[in-house]
Structures are given as structure tokens and as C-alpha cells.
Amino acid sequence: MPFNLLVLACLLYVAFLFAVAFVVEGRAARGRLGWLRSPLVYTLSLSIYCTAWTFYGAVGYAARSGLEFLTIYFGPTLVFIGWWWLLRKLVRIGRQHRVTSIADLISSRYGKSNALGVIVTVIMVVAATPYIALQLQSVVLAFGVFASAAPDGSRPLDPAQIAVWVAVGLAAFTILFGTRNLDAREQHHGIVTAIAVEAVVKLVALLAVGSFVVWGIAGGVGEVIQRINAADLSAWQVQPGRWTGLIFLSAAAVICLPRMFQVMVVENEDEGHLARASWAFPLYLLAMSLFIVPIAVVGLDRWPDGANPDMFVLTLPLAEGQGALAMLAFLGGFSSATSMVIVESIALATMISNHVMIPLWLRLRPGAAAGDDLRQVVLMARRLAIAAVLALGYGYYQVSGGSAALAAIGLIAFLGVAQVLPAMIGGIFWRGATRVGAMLGLVTGLVVWAYTSFLPSFGPGAALPAEVFTEGAFGLAWLRPHALFGTEAMDPMTHALFWSMALNCLAFCLGSLLTFPGPVERLQGAAFVNVFEGAVGPQRWARGQANPEDLLIMAQRILGEEAAQSLFQSAARAQGKEGFLPDPTPAFLDSLEARLSGSVGAATAHAMISQLVGRATVTVEDLMAVASESAQILEYSARLEAREAELSRTAGALREANEKLTQLSLQKDAFLSQISHELRTPMTSIRAFSEILTEGDLPPETVVRYGQIIHDEAKRLTRLLDDLLDLSVLENGAVQLTLGLASLQGMIDTALTAARATRPEREFLVIRDLPSETIYLKTDADRLTQVFINLISNARKYCDAPRPELRIAVRQRAGRVTVDFIDNGKGIPKDAQSLIFEKFARLTDANRAGGAGLGLAICREIMANLGGSVAYLPGQGGAAFRVTVPLRLETLAA
Amino acid sequence: MRRPRRPLFLARAPYRRRRLRDAARILPVLGLFLLLLPMLWAPDARMALTAGDVIYFFAVWLGLIVVAAAFAPGLSRGEGADEDED
């Protein structure tokens, strides 16, 4: 097939892609994307995972290492069907924090640290350069296949020239559609759609070649199975370490590759698309690899040795004379290469401009945030970065000479980007991950990767001297690049993977455990890890002194005049103001920063607003200072509150005491009036009768009777005064107790005898349990007996049963003795039970009782002095009193 | 600022939704298991690739995709309903 036709087809294809991207950009600008925002386009755009390495290299990989090529797809398959674990969170974080690249994600998570952004950018650029070179090489190789197949051989082909033109063409396309505008979110609808188209082209091409090989050359599925069984695919067997390692590596790469992150997270339109892609993308991968083995087997059959298996996809159709099919296959490979280079260079350019060029530029020209037209600066930085990335790739291709097998370079690049994995996974699942830890992990991983994998890939003697491979660096045998610490059992790939990831994770964890994160870091950490819990978004800006006009000017530089003005206008309207200048409230500054970070990255946006708010440093520290001030105020007011509570407690106690005093005073008044009444009654009768007696001329028996009355009344007065004196002594606690051992039985005997004087005419049945009364108490026997007498007398007085009974029950329990006096009368009514121990409390007619109503009050006071108590015992079938005394009264309770 | 206490028991629909999420989380583990299983195939007996190997891997792969496709609608539908509880 004519070579010129091939070039023409290529150009037509590229023109078609330009047209697609152009039309879509136009529709996007008018806001009419429609089905272009569907899960289908999202899934297809994810297919940039399949580069030319997949398209050509997988067949070569299968021809060299059997089914091992499948591991490259198993990793992504597992990650995607397990999207609920990781991808969902990643996409949510990406959308919520307007992440523009993987470097932005890491830098934003660890406190918007630009140093981290730079490190990640460096890793990504270093890892991507050989990968881009790989794509250029594949295109050159493919051209070479066609050129050598051309029968006339009319034109000698210069591979370098082709590579240059491919690189330039790709740079032009990327710059044209990748840096058209600075969107609030770093999204490129035109490019995404073009990539989706390319995904279809490469899938159709590979399926077409595969079908042709299976049904056209081999002659059916059964034939192919026979051929596979017959083929000697280089003694394939699963090597456990390498197999597992490669699955892990490809799983890590699908998350960390800059281009995958770009289409998966940054270009994501709708989180719901991820659910569809979770199975559709693995299905795409399956379709891509379905015919790899048949093509490899048939190719090996045809050219047992010599031919480059990487090019079987092209050479098989060509050899069979299927020019059109070969053309399709070529376009498929071309698509794979170009789509990868375009997205990769956009992703890398975003990182380079946001994390390296713009911060540098701002550093060199302080005050530039409000000065020059930053929009143009950022766009120019992007364009330069794209050109630089492609130049690097081309340079690498020239230096390496395009000799290495495709698969080897691909794996080395995978391993490079996988170094970001610990910092990323740790960052979104572990709040304890710190900036220092991430930095240590990344640098360690980068160094180990470079030493064990990247530099040796140039071959002995190229980047590393040959003796380093055999002797180790500095002559230390344990530092050999392929046998670190003497681990020689692994193949170089697994070895590099093992050591770089192990040391990376170790440094990351140790660094995180041993350091303390700054305030911004902790806020961001919480916001990232708890992204699904919502409402943890850090409040970043205090009400600053930023001039809204300056902010508007700066925003215009970055977002464009129209977008910035409408943003400010709507913010002003939300604040209830007319015009374009809202107050620089914290909420407004936050939203502005979020918008800006969508264009220039979180760290840069933060730094720019910091400049305008008037503080060169991050204001969260100030916020923290304010917070600690208010914490002090809080503490102070807490102390005040405590004091106030104490005061009110004291006031309460005072009020209580006052009430008690009032009550006591009332009681005293009542007592006085009561006592004067009690004294007055006998005094009145004494006076009356003595008056009668002084008048004389009375019959002698009357005189005797009156004299007897006066005597009785005087006795009553004396008894009353005795009782009062006794009571006052007892109440003051000034009573002298004469302690000694005494038999309880004896005391009760005495009391019963003494009480017989009260209403001696009544027959009283006393029921006692004598053995239980043989207790010796150490107490004041006279006083206790007085209590007993009082209680027994009361029973004799008030028990109204026709056959009165008194039961005395003694019980000893835990060092206390209880003596119950229970009669069979009708008892004391419930509402009166609390009154009977009060002074002058008499339930029945005073005359009948003949006492002053002080008896029980005295009993109570005596028992208190004896360390015991006397109480009314309800529910005993009659009046019942329980006296409780300690067995041994040791000290005076007073 | 702890999240509010979750109810101890759920109604039937949320219960099923949570189990579906559990299943979605287990699926990649199962997949990894099945894909690592060939490591235990007798290494000496099979020095060359056979069609059986190829068919095994593609069958497992397709099976995982089918199950994931069955899960996906339920997972994305349930999202947002009681999202903060996982």
C-alpha cells in the first residue's frame, strides 16, 4: 500500500479529530452538551489507559511472557469493580475540592503544601517521559512497518523526522484544545470527546484484526484453541511474586497515572457515571485483550523467529494482503498513542504550571496577583509546559534510541507513578498522615525507584556505571540495584516494586507518626477523610481587609472578565447588595478561592488570595490564634460562672437558714404562749382557792379539800417546771450522763414498777420475752429507764382496749438494741404520728392525761443524747414505740 | 461534633442496600482471590500455555464484570439516601 496514502489517511484522521473537538467545544460553550456528558463518553475516555503499549505491546508481551500481560488489566478491573472502596471517595474529593491534578490532590490534602506539589510533579514528569517516548516510538515503528512493506521502497524513511512531526502535531493539537480557556474546573470537553472517539477507533481496529486472525487466518475458534495448545509460548507459568506484584502495580497505576486521574476525577461530570464505568470499563479492557493471545500465537506460528512480535497487529494483515485492515490497525495504534500523549501532556502541564511555574512567577514578581494579566500568564505557562513535556519525550526517544521492548518501559513508568500511592491512599483514609510523612515517603520512593528501576533501564554503563550492577554503589555489595540488601531471588521488576513500595510506606508511616501536622493540614485532612460526612469544610478566611475591587481585578485576570464579573455580581446579590462588589466575607473568600483553585490549583489560589487579604502567611494560623483567644475568654467566663454558681449556692443556704430561723422564732413564740398558758391554769386555781381560804369561816373539811387542791396544783406546777428544765438541759446537750453497765432486764423491771403508779386501778397484761432481755448495755441507765417509764405510762394512760395488753420485744442487731413497746389500743392516727414528739403535743384532752405534753419530747431528747432514737412504729395493731440504743455508748454524741 | 447515633436496626430496604454495599466491597477481594488462584497450579506439570488457562481467566473476568454490572444500579440508586452512614 502506498506510503503516501498512509500519511494522507493519518492527516485526514487528525483533521477529523480536530473537527470533533472543535464542534464539541462549540457546543460546550453554548451549554448544549447533551449526550456528550453521558456515562458512555466517560467510560470511553477512561480507555486512555490502553495506550500504544496495549495496542501493539500486549501482543508482544503475550508472545514473550504468556498470559502475564493480563495482569496489566486485572489490576484496573479490580479497582473499578471495587469502586465503592476507593474511586467513589476519590471522585467525591476531586469534585468537592476542585482538584486539578494528582499533584494538586496531594498538595491540597497535606495543607496546600506547594513543596509536595513540586515533588509529585517531578515524579510524574520523570515517570511519564519514557512513556511518552514509548508512544512516539510506536508510531515511528508502525510507519516503519509500512515503509518496509512498500514494494517499491521509493522513499527512505527517517524515523527521527517522523517522530518530530508526530510530536509537533500532538503539541499543536493539545495546545489548541487543552489551553483554550481556564475553566473553573479543569475540564476539556472537546478533548474528552475526541478521546472517546479514539477509544472506539482502537477497539474496533483491534477487534477487526483479531476477528480476521481467528476466522480469516486460523480458521475458527476450535483451530485457534488447537494452535494455542500446540504453541510453545515461552514456557509460561505463573510466578507468584511477579504475578501478584504486577496486579498490584497496575491497580496502583490506574489510580495514580496523571492521565487516568485527569479523565477519571478531574473531567468527571457526574458521580453517577462512575457506577456505570465500574463495569463498563473492565468490559472495554476485556474486549481489548480478547484477541491478544490468538494474534500472538498465529504470529509466532507464521514467523517462528526474527519478526518483532510488538508489530504483529500490523504485520499479520499486511502479510495477508489486507491493506485496508492494516490501515485500520495503524489508525487504531495511532489513536492509542495520540490520545495518551494528549491527555498526559495536559495533565502534566497543569501540574507544572500550577505547582512550578506560577508559584515561581509569583515569587519573582511579588504583587503580581493584582497586577498583570495572570490569565494569559497561566495559559502561556501551560502551553510552554506542554511543549516542554513533548520535547522531553522526544529527547528521551532520541537518547534511548527506541530499542527497549515496549512492555519494559511501560512497567517502569507504572512503578514510578505508583510511588504516589501511599501518600494518596494514606491521605484520604488516614487523618494521621502528615506532610512530612508524605514528603519522606515520596522522596524515598522516588530515590529507590530511580536507583533500582529507572536508571538501570538505560542499560549497564549508561546511567549507572557497569560496576555498580555487579559490585554495588560505593563498592557496597548490599547496594546492588537489582539485589538491595542481598535480595537476589526476585526478578528486577518485582525487586524494584518490593523495595520501593516497602521503603516508601515505611518512610511515610514513620514520618507521619513522628511529626505533628500544622493547622491547615489538619483541617484539610479532616475534610478529605470525612468527605462523605459533609459540613467539615474548613473555614479558611477570616474577614480580611481585602479590597473587593482588588479581588475582582485578580479574579478577572484568572477567570476572564465576564465569568469573574458574574461571579462577583451574584455574590453581591446574595449579600443583598447592588453592583459588582460584594463584601469580602469569609464565605465569599472561600468560594472565590475554590473557583480560582479550579484554574490554578489549591496552593496557588490560596497564596494569591493571601496576598490580597493582606497577609503573606496563611491566615489559618491567625484563625487559630483567635480561636485560642476566644478559648481563653470562654475559660474566664466559665470561671465566672462557677463563682456565680457558688454564690447562688451560698445564697440558697442562707435563705434556708433564714427560713429555719423564722420557723424557730415562730416555734419559740408558740412555746412561750403555750408555756404561759400551762403555768397560768394551775396558778389561776391556786390563787382562786387561796383567796377563798384567806376569807376564813369555812368548814374544816372544805378547807382540807381546798388545801389539797392547792397542793396538787403546786405539785403540777413543780413537775412542769422540772420537765421544762430537764428539756432545756437535754436540748442544749449540757446533760451529764453517768455511763455504766446495766442490765436491760433490770431497767425494764424498774420501769414497770415505777409506771404502776400511773392509773393504778387498771389491770395491765405485760407480755415479755425474758431471755431476750438479758443484755448488758453500756449507757446511762437512769435516763434510759426514764424513757421506758414514760413509754409504759403513756401506754397505761392512753390504751383504750377493754383488756389492755403491753408487749415488750427486745432485739439486738449490729451493735444496736431495739426495744419495742406495743399495746393493743387503737394506736395513733397517721396524721398525728409526726406530731407526738413535739412539745406540748397532746392528742386527747389535757385534763385527762394530766401531763404537760412534754414526755415524748423529753424521751426524744434523751435518746438523742444516748446516741439512739425513739420512733413511732406504725402497723403493729396498736400504739407502738421503738427505742433504739447502741449496745456500747462510747463517746458523748454532744 | 459526633455524628448522631445511628439506629440499631433498619427497615428492610436500607438493610438490603447496606448488604449490597458490603457485597460490592467484597467483590474485588473475591476477584483477587480467583485471579491469584493460578499461582497454586502445579508449576512443573504445565510448562506451556494451554487454551484452558486462557478460558479460565476470561471466564473469571467476565463473571466479575457481570456481577459488578448487576450491583451498579442498586449502588448508585441508594447513594445519597443515607449516604453518611457508611
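Okay, let's start at one pair of residues: A:S869 stands opposite A:T884 in β9(A). Keep in mind throughout that we're looking at a predicted model.

So, the strands around that pair. β8(A) is joined to β9(A), residues 880-886, by 4 bridges, and the two run antiparallel. Zoom out and you get an open sheet of 5 strands in chain A, ordered β4-β6-β7-β9-β8, with mixed pairing. At the edges sit β4, 765-768, and β8, 869-872, each pairing on one side only. From one strand to the next, the twist averages 15°.

What lies across this sheet? Helix α31 of chain A, residues 781-798, lies across β6, β7, β8 and β9. Relative to β7(A), α31 runs at about 20°.

Now to the cores. The largest nonpolar core has 233 residues. If you want to click on the ones with the most contacts inside it, they're A:I106, A:M124, A:C256, A:I295, A:V313 and A:V420. Which helix gives the most to this core? That's α16(A), with 21 residues. Apart from that core lies another one, of 36 residues, and A:L744, A:L777, A:A795 and A:A879 are among them. A:A795, by the way, falls within the 781-798 span of α31(A).

Let me stay on A:V313 for a minute. Leaving out residues up to four places away in sequence, A:V313 touches A:F55, A:Y56, A:V59, A:V209, A:I295, A:A329 and A:G333. A:V313 itself is in helix α15, residues 312-319 of chain A, which is mostly covered, with 7 of its 8 residues buried. The buried ones are A:F312, A:V313, A:L314, A:T315, A:L316, A:P317 and A:L318. Just past the end of α15(A), A:G321 takes a positive phi of about 80°.

Two helix pairs are worth a look here. The first is α9, 189-218, with α16, 323-364, both in chain A: they pack at about 145°, axes 8 Å apart. α9(A) passes α16(A) in a left-handed crossing. On the α9(A) side the contact includes A:I195, A:V201, A:A205, A:V209 and A:F212, and on the α16(A) side it includes A:L325, A:A329, A:G332, A:S336 and A:I346. By class, that contact has 15 nonpolar, 5 polar and 2 charged residues.

The other pair is α3, 52-65, with α14, 292-302, again in chain A, packing at about 65° with axes 8 Å apart. Here α3(A) passes α14(A) in a right-handed crossing. From α3(A) we have A:A58, A:V59, A:A62 and A:A63, meeting A:I292, A:V293, A:I295, A:A296, A:G299 and A:L300 of α14(A). The class count for this one is 9 nonpolar, 1 polar and no charged residues.

Last stop, chain B. It has 2 helices and 0 strands, and of its 86 residues, 20% count as buried. How many residues are in contact between the chains? 36 of chain A with 34 of chain B. On chain A's side, the elements that give two or more residues are α4 (71-81), α10 (221-230), α11 (240-256) and α13 (272-289). α13(A) gives the most, with 8 residues. And the class split on that side of chain A is 24 nonpolar, 9 polar and 3 charged.

Notes. Residues are numbered from 1 along each chain as its sequence is written. Chains are lettered from A and ligands numbered from 1 in the order in which they are written. This is a predicted model: local features need pLDDT of at least 70, side-chain atom pairs count only at pLDDT 80 or more; totals for chains, interfaces and linings use all residues. Axes are lines fitted to C-alpha atoms, for helices over the stretch in contact, and angles run from 0 to 180 degrees between N-to-C directions. A crossing is left-handed if the near helix is turned anticlockwise from the far one by less than a right angle, and right-handed if clockwise. Two residues are in contact if their C-beta atoms, placed from the backbone, lie within 7 Å. Ala, Val, Leu, Ile, Met, Phe, Trp, Tyr, Cys and Pro count as nonpolar, Asp, Glu, Lys and Arg as charged, and the others, Gly among them, as polar. Two strands pair if DSSP finds at least two bridges between them. A nonpolar core is a set of buried Ala, Val, Leu, Ile, Met, Phe, Trp, Tyr and Cys residues joined through C-beta atoms within 7 Å. A residue is buried if 20 or more other C-beta atoms lie within 10 Å of its own, exposed if 12 or fewer, and partly exposed in between; C-beta atoms are placed from the backbone.
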